[in-house]
Amino acid sequence: MGQPYELPDFYVPHPARINPHLDGARAHSKSWAYDFDMIDVPQQGRRIWDEHDFDSHDYALLCAYTHPDATGPALDLVTDWYVWVFYFDDHFLELYKRTRDIPSAKAYLDRLPAFMPVHGDIIEAPSNPVERGLADLWTRTVPSMSPDWRERFRRTTEALLAESLWELSNITSGRIANPIEYVEMRRKVGGAPWSANLVEYASDAEVPAQIAATRPMRVLSDTFSDAVHLRNDLFSYQREVEVEGELNNGVLVVERFLGCGVQQAAELVNDILTSRLHQFENTALTEIPPLVDEHQVDAAGRLGLLNYVKGLQDWQSGGHEWHLRSSRYMNNGGKAAHSPHGLGTAALRAFSSLATTAPSRARSHTFTPHQPVGPTDLPDIYMPFRGKQSPHLSAARFAILEWGERTGITDGTIWDARMLEAFDLPLCASGIFPDASPEQLDLASAWLAWGTYADDYYPVVFGRRRDLAGAKAMTEKLSALMSLDCQEPMHAGPTPGGVVPVGALEMGLVDVWGRTAAGMSAEQRRAFKGAVDSMTESWLWELTNQAQNRIPDPVDYIEMRRRTFGSELTMSLCRIGHGEQIPADVYRSRPIQAIENAASDYACLLNDLFSYHKEIQYDGDFHNGVLVVQNFLACDKDRAVAVVNDLMTARMRQFEHVVAVDLPALVTDFGLDDDVRRIVLRYAEELQNWMSGILGWHRGCHRYGTADLPHRRPSPARPPARLLSTPTGLGTSAARISRKAGAA
């Protein structure tokens with residue numbers, strides 16, 4: 001059988017090395033696999049592995065390449081883990097994917113967490129090779145690791161196992177994921193976050209607990225994971241798609257989404273892989289050093305962190321070398337296959353990788369502000385839900401003007417009353433919350449206005465001066481102003497935490513926070529405060545990119561765009577009335593996360609379509625999905641607009657699919673009673689209102705039209721008039737109105 005495409009020229013910037021304990025690991029892992037009935041022992045009448053399969057896959061070689069500095073005992077244990085995870089994958093394929101037996105698959109997966117206790121002993125009796133192997137490995141691994149690592153490793157292992165159901169569901173329904181969904185879910189089911197945890201073990205380099213959950217560390221893990229998975233997709237397309245009938249492969253996803261040939265799809269997947277590795281390098285060099293300083297990580301922790309980063313780099317290079325050699329994958333054609341192999345040529349390939357990818361890396365740093373791009377011809381936008389409107393809209397419009405004057409938002413420094421009226425945030429609130437009471441609509445309008453004002457404030461006050469320290473200090477103060485002890489609406493003066501608000505930005509937040517938090521439980525306050533913090537902290541990411549003149553990596557852009565848009569904040573407003581009535585694990589479940597992320601991406605990309613002319617030409621900003629696609633695909637605006645619209649449509653159709661298929665299954669799986677079931681379905685309807693309301697606002701406000709854009713300077717002396725729009729709302733990013741003060 002010929003290969004479906006030639007392998008592309010991979011980015012491999014670090015030479016591969018091999019562990020000297022390879023032979024010992026080979027002998028040990030084979031003996032271990034025999035002991036746990038993984039070789040030559042059929043399961044339920046189905047053959048999984050024979051000795052030839054095991055030898056030809058050579059998992060010990062994989063681990064020797066990916067953990068070149070591990071000790072002999074550590075390499076043995078890590079190799080056993082990889083034997084187990086690949087056996088699990090093939091065991092699940094034969095018993096459940098091929099048979100499409102979802103109920104049995106669920107029952108099988110539900111038992112596995114019992115063999116991974118964070119505390120205490122395993123009390124469940126294992127009944128098959130997967131369970132017996134997991135029990136043995138867990139018992140041998142966790143005693144030497146901290147409770148924090150155990151908890152993280154348990155979570156990544158559970159995700160790897162449980163999300164196999166997502167793959168099985170797609171196969172059963174014949175559904176191919178959209179690109180955004182695929183990257184999100186592949187990260188879980190593909191196992192690379194799990195591999196990153198094992199790098200900590202093999203390198204004797206646990207990530208310090210105080211920074212393990214921070215954005216830079218998460219980005220290191222995510223970019224590592226995405227690169228590992230996309231590389232695997234490129235090598236395994238023939239086996240998975242053509243032989244096994246698998247639908248969850250990145251090359252297939254891109255091929256179907258863009259309607260292109262398989263060779264072009266493979267090249268584009270390789271471009272995404274390269275972009276993720278560039279993101280990894282940028283994060284390691286620019287975000288990790290200030291992170292360890294900020295958290296005062298000690299010398300031992302810093303050394304461990306360096307070893308961890310080095311371990312992730314070793315994994316990438318070693319994993320690539322193994323894919324070129326393993327019989328499990330196609331590796332006979334293309335530049336990657338025809339280039340010299342072996343440790344002696346790895347350094348040469350690394351140099352070639354750096355040279356080949358230099359143009360794409362440079363392109364991400366060559367944005368020219370204020371390019372004359374002209375108006376955007378908006379495509380037909382798919383919106384299956386009818387927009388609604390609150391009967392209290394007129395009153396809310398008057399109320400927001402009074403609020404703007406009272407808090408100082410419209411003092412002419414950033415906005416004036418004319419601009420606040422033109423932006424018409426109550427129109428957005430009215431569509432998002434059509435059933436809100438007058439008080440609730442006023443509060444929602446004020447939150448949208450404050451978030452939009454704050455989003456404009458950061459680039460004006462901090463962006464032009466590249467004042468990242470000042471922006472960080474402001475972000476910390478805004479967080480401190482949201483006291484968790486707030487029992488009633490707050491007014492001028494110190495907050496319950498003793499922090500004194502100064503200026504319109506701070507006074508506005510104190511006002512909306514006090515009015516919101518007073519009616520919340522302590523748990524709701526913490527969650528809502530976290531949503532606001534997530535948004536304000538994301539603006540620091542934008543300012544950092546602006547300082548580097550760096551157009552974001554497309555995956556990082558999508559994931560951060562949800563935060564810069566304030567999606568979690570405005571969705572949190574939906575949940576205030578019923579958050580405690582739904583179990584927390586339901587909110588954390590895959591279907592709820594899927595509809596939230598799909599809705600958020602739809603709205604974010606919608607904003608990018610409407611705001612492209614304003615942001616690129618007038619604001620000199622590059623945090624826009626259309627521009628990110630243009631840069632990544634090296635295409636023109638019209639093509640990028642079409643791709644963004646296709647992504648929006650795909651996310652909306654995914655939302656519809658999850659609501660129709662996965663939410664009913666969620667209700668059954670969790671055994672939810674009728675009241676909670678109605679609340680879950682009501683939340684899905686609220687997200688429908690959220691998306692249709694945001695679309696209605698973009699079409700109805702004076703913000704993005706060509707006639708609105710030249711009128712940019714606040715003019716306090718002039719009477720309000722609904723004529724113009726200038727900074728974008730919660731949904732836009734970075735250097736919004738960075739030239740406003742000097743505009744003509």
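User: How much space lies in the second largest pocket?
Analyst: Keep in mind that this is a predicted model: local features need pLDDT of at least 70, side-chain atom pairs count only at pLDDT 80 or more, and totals for chains, interfaces and linings use all residues. A pocket is an open set of points on a 1 Å grid over the protein atoms alone, where a 1.4 Å probe fits, with protein on both sides within 12 Å along at least five of seven lines. Points are joined across faces, edges and corners, and the volume is the space filled by probe spheres set on them. For the second largest pocket, that comes to about 940 Å³.

User: Which lining residues are the closest to its centre?
Analyst: Residues are numbered from 1 along each chain as its sequence is written, and side-chain values use heavy atoms, leaving out hydrogens and water. Lining residues have an atom within 4 Å of a pocket point. There are 29 of them here, and the closest to the centre are Pro-216, Glu-294, Lys-472, Glu-537 and Leu-540.

User: Which element gives the largest share of that lining?
Analyst: Helices are DSSP runs of H or I with at least four residues, strands are runs of E with at least two, and both are numbered from the N terminus. Elements giving two or more residues include α11 (215–243), α22 (468–481) and α24 (522–548). The largest share, eight residues, comes from α24.

User: How many helices and strands are there in the chain?
Analyst: The chain has 744 residues, and 61% of them count as buried, meaning under 20% relative accessible area (exposed is over 50%, partly exposed in between, with a 1.4 Å probe and protein chains only). As for its elements, the count is 31 helices and zero strands.

User: Which helix gives the largest share of the largest nonpolar core?
Analyst: A nonpolar core is a set of buried Ala, Val, Leu, Ile, Met, Phe, Trp, Tyr and Cys residues joined through side-chain atoms within 4.5 Å. The largest has 116 residues, and Trp-447, Trp-450 and Tyr-457 are among those touching the most other members. Its largest share, 15 residues, comes from helix α21.

User: Why are the buried residues of α5 on the same side?
Analyst: An α-helix has 3.6 residues a turn, so residues three or four places apart point the same way. In α5 (residues 102–111), the buried ones are Ala-105, Tyr-108 and Leu-109. On the other side, Pro-103 and Asp-110 are exposed. The buried ones share a side because, going by the directions from the helix axis to the C-beta atoms, they cover an arc of only 95 degrees.

User: Is Tyr-308 buried or exposed?
Analyst: Tyr-308 lies in helix α15 (residues 299–325). Beyond residues up to four places away in sequence, Tyr-308 touches Ala-196, Val-199, Glu-200, Ala-205, Val-207 and Met-217, where contact means heavy atoms within 4.5 Å. With a relative accessible area of 4%, Tyr-308 is buried.

User: How far apart in space are Leu-378 and Leu-609?
Analyst: Leu-378 sits in the loop between α17 (343–363) and α18 (393–407), and at 40% relative accessibility it counts as partly exposed. Neighbours within four places aside, Leu-378 is in contact with Leu-609 and Phe-610. Leu-378 and Leu-609 are 231 residues apart in sequence, yet their C-alpha to C-alpha distance is 7.0 Å.
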